[in-house]
Each structure stands twice: as structure tokens, then as C-alpha cells.
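I opened the coordinates to go through charged contacts, aromatic rings and surface patches. My notes follow in the order of the look-ups.

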Amino acid sequence: MESRLSLLFTFWVFVLLASCEQPKEHIAPAIHERDSVSMMTTYGVNTLISDSGVIKYRIVTERWDVNTIKQPSRWTFERGIFLEQFDDKFHIEGYIFADTAWYYDQLKLWELRGRVRIRNINGLVFRSEELFWDGIKHEFYSHKYSRVVTPERELEGTYFRSDEHMRHYEVTNSVGSFQSEDLEPEQEEPAKEQKNTPADTTKQEKTVRPAAVRHKATTKPVQP
């Protein structure tokens, strides 16, 4: 009987001690990097963007994040972006597509990554994995392999720079293909007969044109 009382007393002491412990809250760790949180997230975006009161672009994207705490502040399009460009009369000048994009609003600089595609009204098609669009200098540039296709030619190179309308551009370290008529040599005039003149037995070697290391092109066809 005493052993039972002793066992019961021990049990109640254990229960009382357990009930005196402070309850523990299961809380997730705090987010210390405040700049990792966007101040605005929008899904299913199809909106027009104006510049100086004039509609310039249409943005279509699945997700648009705006973060003004990160330096520099930026808009983020992690699920791809489709951009249409308009002229002053609201006519479409071209479109831009990329898998991922960032727009640094204070710098007016676009950074496009992934499958970057551009097409303008002149039929020019640009392809690359990287493209920067400087809104202050009004130009595009890329430091990665790029390909430019027009109705007249195809160019490929590791560096690309152009105005933002894709009318004047340059490609360096490039290779390309042109229409055959652009490469036809001019026909030489027939040699005139020279009387009483001894034949010149010396032969002059033809000068070989050095390989071009920089190639500039415009949307105008190359003249023969």
C-alpha cells in the first residue's frame, strides 16, 4: 500500500513540474533582408506606359514586381515580358520579347536576359541571350553572341550596338552572308593595245585586303 502511495505521489509531482514550464511558440525566423520584399506585385499585366505624356510602350507579362528599396530600385519581370513600341501617332514600331527582364527606373536602363527577340517595321530581327536598352543614350547594346537578320543580309557577332529604332547598328567580331549581287566584282576594261612598247616582264603581287575586325551596317543594302 505504501509503495502505491509513493508511486502516485511521484506521478503528481512530475505533472506539477511539467505544468510549470513556459509554453514555447513555434515561430518562423524573421526576414532580415528588407530589400528582398517587393512593395508591389501584380499578376496578369497588360498596360500602356507613357513618356512625357505620350504613350510609348505596351507591357504584357505574367508577373510584375516593383522594389524601391533595392539599390538601384527596379522593376522585375521574372516570368517573361512582351513590349510593343509606338511612335508619336500610336503606330507600332516594333516589339521586344525576353524570358526575364529588369528595369532600373532611376537609371532608365533595361536589362533583358534569356531568349531576347526584337523585330521592327523594316523587317529586322535581332536574337541574343542578353540585351541592354539605355533610355538616356537611346541605344541598345549587347556583349554576347548576337544575330541580326534583315531582308538583305544576316550578321553574327559577339558585340552589338544600335540606336533604339534599330535603323543604324554595328556588329564586331562578326561573320555574315550577303546577297550574291552585292559581292560581284566590277568588270575590268579591256586592255588597250600599246604599239612599239616592250612587254613588262615584272609581275606585281595583288594586295590582299586584311580581314575586317569591325563591321558596320545600316538598313540600306550594301552597294557593289
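Which residues form one aromatic cluster? I find Y57, W64, W75, F77, Y103, W110, W133 and F140 in it. I note that the model is predicted. For the ring pairs, I get a count of 13 aromatic pairs. I keep in mind that a pair of aromatic rings is described by the distance of the centres and the angle of the planes.

Next entry: salt bridges. I searched the whole structure and got nine salt bridges.

I looked up K56 and D88. Their closest N and O atoms are 3.2 Å apart, and the two form a salt bridge. I placed K56 in strand 2 (residues 54-67) and D88 in the loop between strand 4 (81-86) and strand 5 (92-98). The two residues are 32 apart along the chain, and I record the pair as a link between distant parts of it. I then checked the accessibility of each partner. K56 has a relative accessible area of 22%, so I list K56 as partly exposed. D88 has a relative accessible area of 65%, so I list D88 as exposed.

I went on to R63 and D65. Their side chains meet in a salt bridge, with 2.8 Å from N to O. Is D65 buried or exposed? I enter D65 as buried, because its relative accessible area is 5% and the cut-off for buried is under 20%. R63 comes out at 22% relative accessibility, so I enter R63 as partly exposed.

I also looked at R147 and E156. They form a salt bridge in which the closest N and O atoms are 3.8 Å apart; the cut-off is 4 Å, so I keep the pair. R147 is partly exposed at 28% relative accessibility, and E156 is partly exposed at 24%.

Which residues are linked in a network of salt bridges? I wrote down E111, R113 and E130.

Last entry: the surface. I found a nonpolar patch of about 230 Å², made by L48, I55 and F90. I traced L48 to strand 1 (residues 40-51). Why does L48 count as partly exposed? Its relative accessibility is 36%, and partly exposed covers values between the 20% cut-off for buried and the 50% cut-off for exposed. Patch residues need over 30% relative accessible area, so the 36% of L48 passes that cut-off as well.

Terms used. Residues numbered from 1 in each chain as written. Predicted model: local features only at pLDDT ≥ 70, side-chain atom pairs only at ≥ 80, totals over all residues. Heavy atoms only, no water. Patch = residues over 30% accessible without salt bridge, like charges linked within 9 Å, V, L, I, M, F, W, Y side chains within 5 Å. Areas by Shrake-Rupley, 256 points an atom, 1.4 Å probe, with all protein chains shown as cover. Helix = DSSP H or I, 4+ residues; strand = E, 2+ residues; numbered from the N terminus. Buried < 20%, exposed > 50% of the residue type's maximum accessible area, 1.4 Å probe, protein only. Phe/Tyr/Trp six-rings, centres within 6.5 Å; stacked < 30°, edge-to-face > 60°.
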